[in-house]
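Student: I would like a close look at one part of this structure, the largest nonpolar core. Which residues have the most contacts inside it, and which elements give residues to it?

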Amino acid sequence: MMLITAIAFGTINHADTVYFAKAASNYFSMVETDITIMVGETDFIETDIAADIPYKEADLTWKSDNSAVVSIDDSGVITGMAEGHAVITATMPDGSYETCNVTVSGYLNDEDDPNKNIDETEEGDQDDYSENPSFTSLTVTKNMTIYVGGSGEWVEINYEPQDADEETITWRSSNPKVATVDDGLVKGIKSGTVQIIAMTPNNIAATCTVTVKKPQIKLEKSKAKLKVGKRVQIKATCSPDTKPTFKSQNKSIASVTANGLVKAKKKGKTVIVVKANGVSKKFNVTVVL
């Protein structure tokens, strides 16, 4: 597959006006090119990465042209800092890039709104604040590999202070079609890469890059030719690591133990089916006299 890196610029002339045109990247695109958030709100700029290219999502670099209004981290997570507008640019190592317009309007928390005077709140109308202290820091597992159809993996988290309420942390996946998350438990849906985002009530965010792979079975050998009475051991490596099962399609020709030891019984051909994590491989057996 050959891709043309789209970083060339050209000019288009109409009368006395000159317009500069940039070709769109063939490597990736923004899922949304216009986003509106509030001050104190966090969101994730999702990108659609082309298949079979020399780069991956983690190779993107992010920049805000107005970080006082919208800040952005290395994973594409944006946070509204003040009302206004900013342009977020994502750039591939080859220089091709795409942009997203972000508008910040309104306030997620009333206490952040300078137009509201919380001292004027009548007695008895005060918010019911938790007795737990606010979070001052939050970190999570940086990278994780899981498999489609598995029981899932937990994202490890650390936070300060230790007596902050962990149950108030919220979780989201940048692409639930690839992986879902429920209270930090991530489950793979299909192959791909996603960002799992943890967020505290006071808007401290941390992200974990999760790679989802299909389960695999690799056999050291895929066939064997045996004389009657001889044995051969099937050696299988499973990803994720688990014990495979073995079954002979014709036990009268060759039998197999639970540990994959094949015994030739009479002349003929049969197949030993190796299964693990929802996938299977065939080990072909030929028995001769």
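Tutor: What follows describes that core and then its setting in the chain. The model is a predicted one, and its protein chain has 29 strands and 0 helices, with 34% of its 289 residues counted as buried. The largest nonpolar core consists of 22 residues, and those with the most contacts inside it are Val140, Val155, Ile169, Trp171, Val186, Ile196 and Val210. Two or more residues come from each of the strands β12 (137–140), β13 (143–147), β15 (157–160), β17 (179–182), β19 (192–199) and β20 (205–213), and it is β20 that supplies the largest share, namely 4 residues. If residues up to four places away in sequence are left aside, Val210 touches Met144, Ile146 and Val186, and also Gly192, Thr193, Val194 and Ile196. Apart from this core there is a second, separate one of 20 residues, among them Ile53, Trp62, Val102 and Val104.

Two cysteines can be placed on the same scale of burial, where the cut-off is under 20% relative accessible area: Cys208 counts as buried because its relative accessibility is 0%, and Cys238 is buried as well, because its relative accessible area is 7%. The count of disulfides comes to 0.

For the chain as a whole, among contacts with a separation of 6 or more, 54% are between residues 24 or more positions apart. The protein chain exposes about 17700 Å², of which carbon and sulfur atoms supply 47%.

Terms used
Residues numbered from 1 in each chain as written. Predicted model: local features only at pLDDT ≥ 70, side-chain atom pairs only at ≥ 80, totals over all residues. Heavy atoms only, no water. Core = buried A, V, L, I, M, F, W, Y, C linked by side-chain atoms within 4.5 Å. Buried < 20%, exposed > 50% of the residue type's maximum accessible area, 1.4 Å probe, protein only. Contact = heavy atoms within 4.5 Å. Areas by Shrake-Rupley, 256 points an atom, 1.4 Å probe, with all protein chains shown as cover. Disulfide = S-S within 2.5 Å.
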